[in-house]
Amino acid sequence: MFTRAVADGVHRLTRAHVNCYLVEDDDGLTLVDAGLPSMWPLLQEALDELGRTPADVKALLLTHAHFDHVGFARRAEDEWDLPVHGHPADARLAAHPYRYRPERNRFLYPLTHPRSLPLLARMAGAGALSVRGVRRLRPLDTGGPVPVPGGPVVVHTPGHTDGHVVLDLPGRSTVLSGDALVTLDPYTGRRGPQIVASAATKDTATALASLDAVAATGAGTVLPGHGERWTQGAEAAARHARAVGAH
């Protein structure tokens, strides 16, 4: 599914409960995250609908380097010569997107959360088990705007992974939260603002602490890596996620 203008100049691509985004301005487009491999044709359809071409996509920024955010990144590198950027702490993960150790066993966890099984099955069917790593991850500097369309400000939010970041668009009152804060957890099936379950998070205590950085953006709209957008403000979303806690 392609949804135009989920926020000011931000468009969403969704498949199998995984989101990635196109941030648009007069200079072109920035792609945020690369979803799953089967979303590659959806990206090209989205460009057609926007009246854009692959040449208009100037960069791919990763919120983090798990397999369901790296999906078609390698193909974009190879076919479009698209530069891929991410936090240096996720460089190894970007090259090997399945090599990470969460707090709890991610293969056993769904057995105690059966609502997650249909979600995870859809992700597998969309290519979640066949993701190739990135050839070269260019470092993202935190604390200032990145010189790409939309000028997102990179905020380090570790916990889900060591190098997780959120991308703040202060002029648009929007934050792209990746998996630092989601509104649907594929590992539990729970909806509403929350951090991702310990089955896919390296350090849930750190992830909960990083909610302060999400709230500090003051954004009115939160665009997560999984689930629907949240339009009641980043502070309220973080407060809700803290109340849910680790799971």
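Colleague: Let's start with Arg12: buried or exposed, and at what relative accessible area?

Modeller: Keep in mind that this is a predicted model, where local features need pLDDT of at least 70, side-chain atom pairs count only at pLDDT 80 or more, and totals for chains, interfaces and linings use all residues. Residues are numbered from 1 along each chain as its sequence is written, and side-chain values use heavy atoms, with hydrogens and water left out. Buried means under 20% relative accessible area, exposed means over 50%, and partly exposed is in between (1.4 Å probe, protein chains only). Arg12 is buried, with a value of 5%.

Colleague: Which residue forms a salt bridge with Arg12?

Modeller: A salt bridge here is a side-chain nitrogen of Lys or Arg within 4 Å of a carboxyl oxygen of Asp or Glu. For Arg12, the closest N and O atoms are 3.5 Å apart, and the partner is Glu228. The pair links distant parts of the chain, from strand 2 (residues 10–15) to the loop between strand 13 (221–224) and helix 9 (234–244); helices (H or I, at least four residues) and strands (E, at least two) are DSSP runs numbered from the N terminus. At 52% relative accessible area, the exposed end of this bridge is Glu228.

Colleague: How many salt bridges turn up in the whole structure?

Modeller: Arg52 and Asp56 make one, at 3.9 Å from N to O, and both of these residues are buried. Searching the whole structure gives a total of eight.

Colleague: Why are Arg74 and Asp78 separated by about one helical turn, and which helix holds them?

Modeller: They form a salt bridge too, with the closest N and O atoms 3.7 Å apart. Arg74 counts as buried at 18%, whereas Asp78 is partly exposed at 39%. The one-turn separation arises because they sit four residues apart in helix 3.

Colleague: What is the bridge partner of Leu167 in strand 10?

Modeller: Leu167 belongs to strand 9 (residues 165–169), where five of the five residues are buried. Val165, Leu167 and Leu169 point one way from strand 9, and Val166 and Asp168 point the other way. Strand 9 and strand 10 (residues 174–178) run antiparallel and are joined by three bridges, which meets the rule that two strands pair if DSSP finds at least two bridges between them. In strand 10, Leu167 is matched with Leu176.

Colleague: Which residue in the turn of the hairpin of strand 9 and strand 10 has a positive phi?

Modeller: On another edge, strand 9 pairs with strand 8 (residues 153–156) in the antiparallel sense over four bridges, and there Val154 has Leu167 as its bridge partner. The hairpin with strand 10 leaves four residues between the strands, and the one with a phi of about 50° is Ser173.

Colleague: Which residue with positive phi follows helix 9?

Modeller: The buried residues of helix 9 are Ala234, Ala236, Ala237, Ala238 and Ala241. Their cover includes strand 10, strand 12 (191–194), helix 7 (204–209), helix 8 (211–216) and strand 13. After helix 9, with phi near 75°, comes Gly245.

Colleague: What share of the contacts between residues at least 6 apart in sequence joins residues at least 24 apart?

Modeller: The protein has nine helices and 13 strands, and 60% of its 247 residues are buried. A contact means heavy atoms within 4.5 Å. Of the contacts you ask about, the share is 67%.
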